[in-house]
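User: I would like to go through the labels attached to this model and hear the reasoning behind each of them.

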Amino acid sequence: MKIGLKHIKKYLILIPFFLITVSEIISFSNHFVGSILKLSAVVFMLAYVLGHGKFEIKLFLTFLIFIPILLYHIKISFNLNAAIEEGIRYCFPVVVLFYGYAIRKHYKFIIVFIIIFAVINNLYQFVNYFYWLIDVKEQWFYNKVLNKEIYYYNSSMGIIRGVGLIGFFAAYGFLNLIAFFLARQFYNGRYKNYLLAFLALGIIMSLSYKSLGVFLLLLFILSKHKLRIFIGATSLFLISLFLFPKKYAAFSEQISYRVETYITEGNSARAESYRVMFEEIQSFNVLGKGSGSFGGAASTKYDSPLYKEFNFNWHRTIYLATTDTYYPHLIVELGLIGSFFYFIILFSPIFKQHFKKNFLLIIIAIYFSLLFDSLFSFALNNLMFLMVSLLLIYPILEYEKNIITREYS
């Protein structure tokens, strides 16, 4: 009976994963219900953490320091409702870190689950491909244009982007990215190379340029066989260029378009948000404009006056809920001081930690993947991204601790 209860408790820690996954699916047809499910996941994690009754001291103290800073920025905001909504979102990464600490002893179970979850999503993506190829007009993740009977899906180079069960190509690519490096580090089974190839395929199927770029960069940096990777990548490039010249041309156009849009010409809402951020830094606005005032969903929902103040140009994307750039959102709202202490919280788990080389590399891979994605998204307050990244930090630290203990016992 005790063994059965122990296993039940272990599986209970997956409830937030289940709620967040279902919320992602439901949000396409009912955003309100999706939001309720996400909030339920946060409440469950908080209840579990409080019930557990133990807190990592560095995380706890840094969060205590940050609370008055956040309350100040809620107070100075243009709208209390907007400030509270965004203030709650600022707490998402912190809650996930606390939850990761509370469930850290289940490190093997969590790592295996995330790898299996990625595999399941990859298998389901072939179902999505099938319906796309037979031209089914109303797949559940298709977006409907206003009230018209017109549906569209996210694609690149004429190919539907992989979304798996999650429904969002960027999150799907990010899941496979993290799962790949977890499997590379922790799985030593007979079929390891096949598993890694399948997870790499998931990253490619997502057609997420962020995930693909980070994957190739990390793979090159972390690998002992850099020359082989370079030769292999070059050979694959040349073969693809020869066999699929039209797809390569389309891919090149997509890359050029993004460079022009976000960097050289800056004619996008993302580029505009960075313009605002750098202007705020240059003006040395250390205190910020207040929670919920810029970049996030609350700022557009409550019609923040900052967009007019900054002469913000949405560049034909006036229906976006956010600017899709986390750092301008954070720095403009919380200022340099608030942003600094916020990052202190996020990195507090690894302060004064001495890692074995392999564990250091996987920690770097997780943080780098999340922080890089946040250059072009709101990954740092997206629960799906956080549950497969920041949640892993304390379990991985526990994994290393147990290995070191066994070595010296």
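Analyst: What follows takes a few of these labels in turn, bearing in mind that the model is predicted.

User: Why is Ile-221 called partly exposed?

Analyst: Its relative accessibility is 47%, and since buried means under 20% and exposed over 50%, with partly exposed in between, Ile-221 counts as partly exposed. Ile-221 is found in helix α10.

User: What makes Ile-221 eligible for a surface patch, and which residues form the nonpolar patch with Ile-221?

Analyst: Patch residues need over 30% relative accessible area, and Ile-221 has 47%. The nonpolar patch also takes in Leu-217, Phe-220, Leu-227, Phe-230, Ile-231, Leu-360, Ile-364 and Phe-368, with about 820 Å² of accessible area together. Helices α10 (209–222), α11 (226–243) and α17 (357–373) each supply at least two residues of this patch.

User: Why is the pair of Phe-113 and Phe-117 called stacked?

Analyst: The ring centres of Phe-113 and Phe-117 are 5.7 Å apart with the planes at 10°; pairing asks for centres within 6.5 Å and stacking for planes under 30 degrees apart, so the pair is stacked. Both residues lie in helix α7, 4 residues apart, about one turn of the helix, and both are buried.

User: How do you know that Tyr-129 and Trp-132 are tilted?

Analyst: Their planes stand at 55°, whereas stacked pairs are under 30 degrees and edge-to-face pairs over 60, so what remains is called tilted. Tyr-129 and Trp-132 are likewise in helix α7, 3 residues apart, and both are buried.

User: What makes Arg-161 count as lying over the face of Phe-169?

Analyst: Arg-161 is at 4.1 Å from the ring centre and lies over the face of Phe-169, where the distance limit is within 6 Å.

How values were computed: Residues are numbered from 1 along each chain as its sequence is written. This is a predicted model: local features need pLDDT of at least 70, side-chain atom pairs count only at pLDDT 80 or more; totals for chains, interfaces and linings use all residues. Side-chain values use heavy atoms; hydrogens and water are left out. Patches are made of residues with over 30% relative accessible area and no salt bridge: like charges are joined within 9 Å, nonpolar side chains (Val, Leu, Ile, Met, Phe, Trp, Tyr) within 5 Å. Accessible areas come from the Shrake-Rupley method with a 1.4 Å probe; for residues, only the protein chains shown count as cover. A salt bridge is a side-chain nitrogen of Lys or Arg within 4 Å of a carboxyl oxygen of Asp or Glu. Buried means under 20% relative accessible area, exposed over 50%, partly exposed in between (1.4 Å probe, protein chains only). Rings of Phe, Tyr and Trp (its six-membered ring) pair if their centres lie within 6.5 Å; planes under 30 degrees apart count as stacked, over 60 as edge-to-face and the rest as tilted. A charge sits over a ring if NZ of Lys or CZ of Arg is within 6 Å of the ring centre and within 35 degrees of the ring normal.
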